[in-house]
Amino acid sequence: MTISTIQLNDTQRQQLIEAARKVRENAYVPFSHYQVGAALLTPDGDIFTGCNVENSAYGSTICAERTAVVKAVSEGVRQFTAGAVMTRDGGSPCGACRQVMFEFAPDMLVILVDEAGKIHYEGSLRELLPLGFRLDQE
Ligand code: THU
């Protein structure tokens, strides 16, 4: 299987990273104090963002990546070419978020960046989630 990865130019990459930085400020994290911001780029050039929103019932917490996907899909947008995730340390998306992104955009580019702007990973979602589940497997 070919891992096809979209390439971003420097401006697009920076826009996506800055969108993740901005939305991360809205993270509601009274329990972990670990802020996450996610920004998804669509084929039309639009950006959907999301932050993590924690809950006193800990299991009801939603991650930043899934917030962004759910915002986009609920607005009728299901295609993503790339996504940036910003955390304090360039942390990697959890398995649930990888799978939820894979549902809509298995070939998307994923950029993991820390708050200083250092990129820790830039590569395909397929590499982060080998053999991810889809009902319409190619
Ligand atoms: N978190 C995310 O927002 N995305 C991930 O992929 C991993 C974890 C959040 C959930 C929780 O609010 C905090 O990070 C610490 O786990």
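This passage describes a helix pair, a pocket, a cavity and a proline-bearing loop in a predicted model.

A good place to start is the packing of two helices. Two packed helices are described by the angle between their axes and the distance between the axes. For H2 (64-74) and H3 (residues 95-104), the angle is about 25 degrees and the axes lie 9 Å apart. Angles under 35 degrees count as roughly parallel, and H2 and H3 are therefore roughly parallel to each other. Their crossing is left-handed. On the H2 side, the contact is made by Glu65, Arg66, Val69 and Val73, which meet Ala96, Cys97, Val100, Met101 and Phe104 of H3. Sorted by class, the residues of this contact comprise seven nonpolar and two charged, with no polar ones.

Helix H2 also takes part in the largest pocket, whose space amounts to about 190 Å³. Fifteen residues would be a long list to read through, but the ones closest to the centre of this pocket, out of the 15 that line it, are Tyr34, Val36, Asn52, Cys63 and Glu65. Two elements, H2 and strand S3 (82-87), each give two or more residues to the lining. The pocket lining is mixed in character, with seven nonpolar, six polar and two charged residues.

Turning to enclosed space, the structure has one cavity of 30 Å³ or more, and the volume of the largest cavity is about 30 Å³. Around the largest cavity stand Ala38, Ala39, Leu40, Glu65, Gly83, Ala84, Val85, Met101, Met108 and Val110. Strand S1 (37-41) and strand S3 each contribute at least two residues to this lining. Eight of the cavity-lining residues are nonpolar, while one is polar and one is charged. Readers following individual side chains may like to keep an eye on Glu65: this residue belongs to the H2 side of the helix contact, is among the residues closest to the pocket centre, and also lines the largest cavity. Met101, for its part, sits on the H3 side of the helix contact and lines the largest cavity as well.

Finally, the loop between S1 and strand S2 (47-51) holds proline 43. Leaving aside residues up to four places away in sequence, proline 43 touches Gln79, Phe80 and Thr81. Asparagine 26 is 17 residues from proline 43 along the chain, and the C-alpha atoms of the two are separated by 25 Å.

Notes. Residues numbered from 1 in each chain as written. Predicted model: local features only at pLDDT ≥ 70, side-chain atom pairs only at ≥ 80, totals over all residues. Heavy atoms only, no water. 1 Å grid on protein atoms, 1.4 Å probe; cavity = no way out; pocket = protein on both sides within 12 Å on 5 of 7 lines; lining within 4 Å. Points joined across faces, edges and corners; volume = space filled by probe spheres on them. Helix = DSSP H or I, 4+ residues; strand = E, 2+ residues; numbered from the N terminus. Nonpolar A, V, L, I, M, F, W, Y, C, P; charged D, E, K, R; others polar. Axes fitted to C-alpha atoms, helices over the stretch in contact; angles between N-to-C directions. Parallel < 35°, antiparallel > 145°, perpendicular 65-115°, else oblique. Left-handed = near helix turned anticlockwise from the far one by under 90°. Contact = heavy atoms within 4.5 Å.
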